[in-house]
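This briefing covers a pocket and its lining, the pairing of strands, and one buried side chain. Please consult the sequence and the structure shown below while reading.

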Amino acid sequence: MDVQDTTQAALRDVNLFIEPPAVRRSQSVTLRCLYSLEGAPLYSVKFYRGQLEFFRYTPGEYPNTKVFHYPGIKVDESVSNATQVVIRNVNFGLSGNFSCEVTADAPLFSTATAYAQMQVVEFPDKRPQLFTDHTRYEPGDVLRANCSTPPSRPRAELRFTINNIPVSSEETQYIRTVDNLIASRLSLKVQLQSVHFAAASASGSNAGSSSNSHMINALGPGGTTYAGGSNAGATGGALLLRCTAQIGDLYQEYKEIELGTPQKDPIPARVTSSGGGFRGFLETYFGPNSAAMPKINSHHYKMLLANCILILCLTAGYQR
């Protein structure tokens, strides 16, 4: 019976999960070591950062837990046990390989190890900043724009689109800060073509001047992904300029500016009549075929004209 039990005993399915896999600086992280002991007693579970053991759980000893102190690794022993270790106040130096080593007790004495990567990050504390030299453009104009993000780690990659069409730009500039973060800056200079405005007319959205942002953050509570809405495009020939900041598949945010076409001065409509001179005035007033329009000859025409001039003079004198 004992031989049969020993044969069936096994250590299987050892896995290490880091929650979250990308943790913000100064936050906490949990390393979960999951395994299956099928009839085998547990001898020990050890956690490593690289080659350094920093936590051990041994059920046959008292106390069961033991912490090995290393700079930057602050183990919360009160919530650490045979299947998990909680590290508080992480810093960038902890990015890298972690492992858990599980050993079964007699008669197996078998050992299995699982590995996982942890990344300590700092995201930009604000959305990208986007500026242009004008607010309205037409084909042939040169569009100049600048986009920048606050410092982060890893660095944020930037890219421009016009009405969701990628446009080439200069190389991204990276500026390192005193606390070892990296700010990103990207400039754009492009001569606008008719195709840009044609694409704008084909996109469906609200016209006018506006700005929007969108954010995807992989570090929300419980791993939730948050997203903000945005205009899908522009109409009436407007240009939708977007700058997107992205850090791998962990973080994405963009800023948009809707740029309109120049306002044109209104052109007054020309008012024409069906005829010229005084007869044209009569035709305009009475209608060219109106029975009410008087039949006039040359003598009547002169008298009517004189009366009209007299009326105008009297009216002008009254207004004075």
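Strands are DSSP runs of E of at least two residues, numbered from the N terminus. By that numbering, S9 gives the most to the lining of the largest pocket, with four residues. The model is a predicted one. The points below take the pocket first, then the strands around residues 42-67, then an open sheet, and finally Arg242.

**The largest pocket**

- The volume of the largest pocket is about 150 Å³.
- Its lining consists of Tyr48, Gly50, Gln51, Asn97, Phe98, Ser99, Glu101, Thr113 and Tyr115.
- By residue class, the lining of the largest pocket comprises three nonpolar, five polar and one charged.
- At least two lining residues come from each of strand S9 (96-104) and strand S10 (111-121).

**Strands S4, S5 and S6**

- Strand S4 (residues 42-49) runs antiparallel to strand S5 (residues 52-57), and five bridges join them.
- Within this pairing, Val45 of S4 has Tyr57 of S5 standing opposite.
- S4 and S5 form a hairpin, with two residues between the strands.
- Gly50 lies in the turn of that hairpin and has a positive phi of about 65 degrees; Gly50 is also one of the residues that line the largest pocket.
- S5 pairs in turn with strand S6 (residues 65-67), in the antiparallel sense and over three bridges.
- Phe55 stands opposite Val67 in S6.

**The open sheet S11-S12-S16-S15**

- Four strands make up an open sheet in the order S11-S12-S16-S15, and their pairing is antiparallel.
- Strand S11 (129-132) and strand S15 (173-176) are at the edges; each has a single partner strand, so one side of each lacks a neighbour in the sheet.
- On average, neighbouring strands of this sheet are turned by 15 degrees against each other, direction ignored.
- Nine bridges link strand S12 (residues 142-152) with strand S16 (residues 182-191) in the antiparallel sense.
- Two bridge pairs illustrate this register: Ala145 has Leu188 in S16 as its partner, and Ser152 has Ile182 in S16.
- S15 and S16 also pair in the antiparallel sense, over four bridges, with Ile175 standing opposite Ala183 in S16.
- A hairpin is formed by S15 and S16, with five residues between them.
- In the turn of this second hairpin, Asn180 has a positive phi of about 70 degrees.
- Where does S16 stand with respect to the rest of the structure? Seven of its ten residues are buried, so S16 is largely enclosed by the rest of the structure.

**Arg242 in strand S18**

- Arg242 is found in strand S18 (residues 239-247).
- Is Arg242 buried or exposed? Its relative accessible area is 16%, and the cut-off for a buried residue is under 20%, so Arg242 is buried.
- The side chain of Arg242 makes a polar contact with the side chain of Glu256, at 2.7 Å.

Methods. Residues are numbered from 1 along each chain as its sequence is written. This is a predicted model: local features need pLDDT of at least 70, side-chain atom pairs count only at pLDDT 80 or more; totals for chains, interfaces and linings use all residues. Side-chain values use heavy atoms; hydrogens and water are left out. On a 1 Å grid over the protein atoms alone, a cavity is a set of points where a 1.4 Å probe fits but cannot get out, and a pocket is an open set with protein on both sides within 12 Å along at least five of seven lines; lining residues have an atom within 4 Å of a point. Grid points are joined across faces, edges and corners, and a volume is the space filled by probe spheres set on the points. Ala, Val, Leu, Ile, Met, Phe, Trp, Tyr, Cys and Pro count as nonpolar, Asp, Glu, Lys and Arg as charged, and the others, Gly among them, as polar. Two strands pair if DSSP finds at least two bridges between them. Axes are lines fitted to C-alpha atoms, for helices over the stretch in contact, and angles run from 0 to 180 degrees between N-to-C directions. Buried means under 20% relative accessible area, exposed over 50%, partly exposed in between (1.4 Å probe, protein chains only). A polar contact is a pair of N or O atoms within 3.5 Å; within protein, one must be able to donate a hydrogen and the other to accept it, and residues adjacent in sequence count only if both atoms are side-chain atoms.
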